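Student: Could you take me through one part of this structure closely, in connected prose rather than as a list?

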Amino acid sequence: MQDTFPQQLLKLRTEKQLSQTELARRLYVSRQAVSKWENGDADPSIDKLILLARIFKVSLDYLILGIPNHNNLILQLKHVAMNFNTPVLKDVSLSIFNNERIALLGSNGAGKTTLVRIIENALTPTSGTIEWQINKKDFLNIMPQNDLLIPALKVKEQVALATRINKVHNPERINRLLERFNLKAQQNTLVAKLSGGQKRRLSLIISTLRQSKLLILDEPTVGMDLESIDYFWQFIDQVTGSIMVITHDFNQIDKFFSRVLLLKDGQISHDISVKEIHQHNQTIEQWYRQVN
Ligand SMILES: Nc1ncnc2c1ncn2[C@@H]1O[C@H](COP(=O)(O)OP(=O)(O)OP(=O)(O)O)[C@@H](O)[C@H]1O
């Protein structure tokens with residue numbers, strides 16, 4: 001067997017927070033057997049490998065060889081660079097898989113919004129490629145930093161327009177969301193007259209009207225009041241598919257996210273699981289302050 005299996009086993013077991021004894025119990029083997037597999041002194045039989053893949057919810061390719069399951073791949077960026085007057089992104093390579101909760105972090109001006117705009121095809125990179133494994137047109141939802149709202153429409157007209165564009169008909173859900181995000185009373189208000197926080201809430205409702213495989217939100221909670229921020233994160237937790245959020249709400253990343261990307265000096269300088277950070281007894285904020 002390839003050398004990667006012992007490392008993969010240790011990594012997956014640690015991520016799942018299983019002791020060798022607990023894993024051994026689930027596999028009906030001795031703890032010593034698991035220890036030998038992790039040290040590379042013995043290999044499990046094929047039926048134990050299949051069981052391990054089930055326990056860790058990964059493919060056999062990933063378990064044995066560390067090769068990600070490309071059936072789960074949504075999007076892959078390879079060596080993406082973007083120059084304006086100066087280089088903003090120098091060499092960004094990145095894969096996004098199904099059912100991830102990704103926080104994209106970085107200082108002001110690091111290029112986070114630029115990266116999102118490249119992914120949504122609003123900007124063409126200077127070099128590099130973006131390969132989609134899903135139909136981007138149907139399965140990508142974006143809530144951009146600047147709200148995509150039409151100032152001259154009333155709130156209810158804006159919602160009606162968005163439901164037509166997205167071909168969704170679920171008035172109960174929309175009503176519920178308008179209520180939960182405190183916009184019910186503003187249905188007849190012009191979008192132009194909404195406050196910044198109200199516009200963000202309306203944008204969020206509109207950008208999640210249809211189901212997506214990938215939802216990207218650029219600083220979604222800026223301008224929202226505390227009650228809306230709390231509801232926002234609970235709401236996001238219920239959304240299916242992968243989510244990538246640019247945010248500085250570090251406490252929420254601790255609670256709701258699985259992976260953190262740090263954009264620094266034009267590259268993804270860190271790509272790490274939230275569990276791994278927690279295993280080092282750090283919060284995301286502590287980690288961020290240390291590495292950025
Ligand atoms: N269309 C543009 N033309 C020229 N420069 C641009 C353009 N868009 C972005 N930039 C520059 O690229 C850099 C990165 O901007 P970007 O908005 O991507 O950063 P960010 O990480 O999202 O920052 P913030 O956290 O402040 O939102 C900035 O220096 C910005 O001025």
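**Strand 6 and its neighbours**

Tutor: In this predicted model, strand 6 and strand 7 (residues 242-246) are paired in the parallel sense, with 5 bridges between them. To get from strand 6 to strand 7 the chain passes through helix 11 (residues 226-238), and the β-α-β crossover made in this way is right-handed. Strand 6 also pairs with strand 5 (residues 140-143), again in the parallel sense, and here the pairing runs over 4 bridges. L217 is a useful residue on which to follow both pairings, since it is the bridge partner of M143, while in strand 7 it stands opposite V245.

Turning to burial, strand 6 (residues 214-218) is mostly covered, with 5 of its 5 residues buried. In a regular strand, side chains alternate between the two faces of the sheet. In strand 6, L214, I216 and D218 point one way, whereas L215 and L217 point the other way, and all of them are buried. The list of buried residues thus includes D218, and D218 counts as charged.

For the ligand, the surrounding residues are F84, V88, G106, N108, G109, A110, G111, K112, T113 and T114. Helix 6 (residues 112-119) gives the largest share of this shell, 3 residues, and by class the shell holds 3 nonpolar, 6 polar and 1 charged residues.

Methods:
Residues numbered from 1 in each chain as written. Predicted model: local features only at pLDDT ≥ 70, side-chain atom pairs only at ≥ 80, totals over all residues. Near = placed C-beta within 6 Å. Helix = DSSP H or I, 4+ residues; strand = E, 2+ residues; numbered from the N terminus. Buried ≥ 20, exposed ≤ 12 C-beta atoms within 10 Å, placed from the backbone. Pairing = 2+ DSSP bridges. Right-handed = clockwise from strand over helix to strand, strands pointing away.
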